[in-house]
Amino acid sequence: MSQQTTIQTVLDYPLVPVFYNSSADVSFGVFNACYSGGIRTFEFTNRGVNALETFKLLKSHLPNYPGYIIGAGTVLKDADAEAFIEAGASFIVSPCFIETVSDVCYQNKIPYMPGCMTVKEVFYATEAGCEVIKVFPGEVLGTSFVKAVKAVLPNVKLMITGGVSPTRESIRSWFDAGASAVGLGSQLFKADLLERGNYKAFEESVADCFGYLR
């Protein structure tokens with residue numbers, strides 16, 4: 001898949017789950033539910049044991065999910081970026097801009113989406129070739145930051161992560177401020193629902209979130 005196809009998928013389906021679980025079964029249940037709810041871009045984060053192995057498992061199921069792409073998040077080292085790209089990651093996400101990770105992505109023609117929290121960081125990331133910038137942590141920066149960035153860098157594409165709730169008010173506030181996409185993490189994937197294996201709730205919540213975009 002080309003870089004532009006990946007980026008266009010993010011923009012066309014701008015709700016991106018940000019998820020990690022040490023259980024492969026739980027991870028697949030969430031992965032499947034998100035697709036059923038309308039998600040087409042899934043970020044599996046490198047936050048614990050078996051992350052790479054579980055990523056490979058999810059990737060192996062992609063032929064059964066037309067149009068679905070999966071990338072790796074919380075990638076902090078170039079070696080990890082290389083491992084996830086080799087495993088089939090369509091994109092790489094970091095909580096901040098990491099030059100060595102950026103270099104690996106550039107060499108492999110894979111979109112890199114680094115976290116930024118100042119206008120200077122956003123500008124430098126775009127100058128390095130990043131087309132989608134992760135605004136992180138969203139709950140600290142707020143919608144006013146997004147508006148301010150878009151005022152001086154109107155063409156930049158921002159994906160908000162942190163502080164995004166699966167509610168109409170939250171979703172609309174970020175997109176009305178100028179966000180191009182949002183990442184949905186712990187506020188969507190409630191621990192009690194995961195423990196009960198209530199994946200249908202995630203599917204329905206995701207579908208509702210897409211409805212808030214209309």
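In this predicted model, the protein chain carries 17 positive and 21 negative charges, and the mean position of the positive charges lies 6 Å from the mean position of the negative ones. Turning from charge to surface, the protein chain exposes about 9,600 Å², and carbon and sulfur atoms supply 50% of that area. Of the 214 residues in the protein chain, 51% are buried.

The fold itself can be read from its elements, since the secondary structure of the protein chain comes to ten helices and eight strands. The radius of gyration of the protein chain is 16 Å, close to the 17 Å that the globule rule gives for 214 residues, and the chain is therefore as compact as a globular protein of that length. Taken along the principal axes, the C-alpha atoms fill a box of roughly 45 × 40 × 25 Å. Among the contacts in the protein chain with a separation of 6 or more, 57% are made by residues 24 or more positions apart.

A single residue can serve as a closer view of this chain. Serine 170 belongs to helix H8, which runs over residues 168–177. Serine 170 has a relative accessible area of 10%, and because buried means under 20%, this residue counts as buried. Leaving aside residues up to four places away in sequence, serine 170 touches Gly163, Val164 and Ser165. With serine 165 there is also a polar approach, in which a polar atom of the side chain of serine 170 lies 2.9 Å from the backbone nitrogen of serine 165.

Notes: Residues numbered from 1 in each chain as written. Predicted model: local features only at pLDDT ≥ 70, side-chain atom pairs only at ≥ 80, totals over all residues. Heavy atoms only, no water. Helix = DSSP H or I, 4+ residues; strand = E, 2+ residues; numbered from the N terminus. Buried < 20%, exposed > 50% of the residue type's maximum accessible area, 1.4 Å probe, protein only. Polar contact = N/O pair within 3.5 Å; in protein donor to acceptor, adjacent residues only side chain to side chain. Contact = heavy atoms within 4.5 Å. Rg over C-alpha atoms; globule rule 2.2 N^0.38 Å. Areas by Shrake-Rupley, 256 points an atom, 1.4 Å probe, with all protein chains shown as cover. Lys, Arg positive; Asp, Glu negative; His and termini not counted. Charge placed at Lys NZ, Arg CZ, Asp CG, Glu CD.
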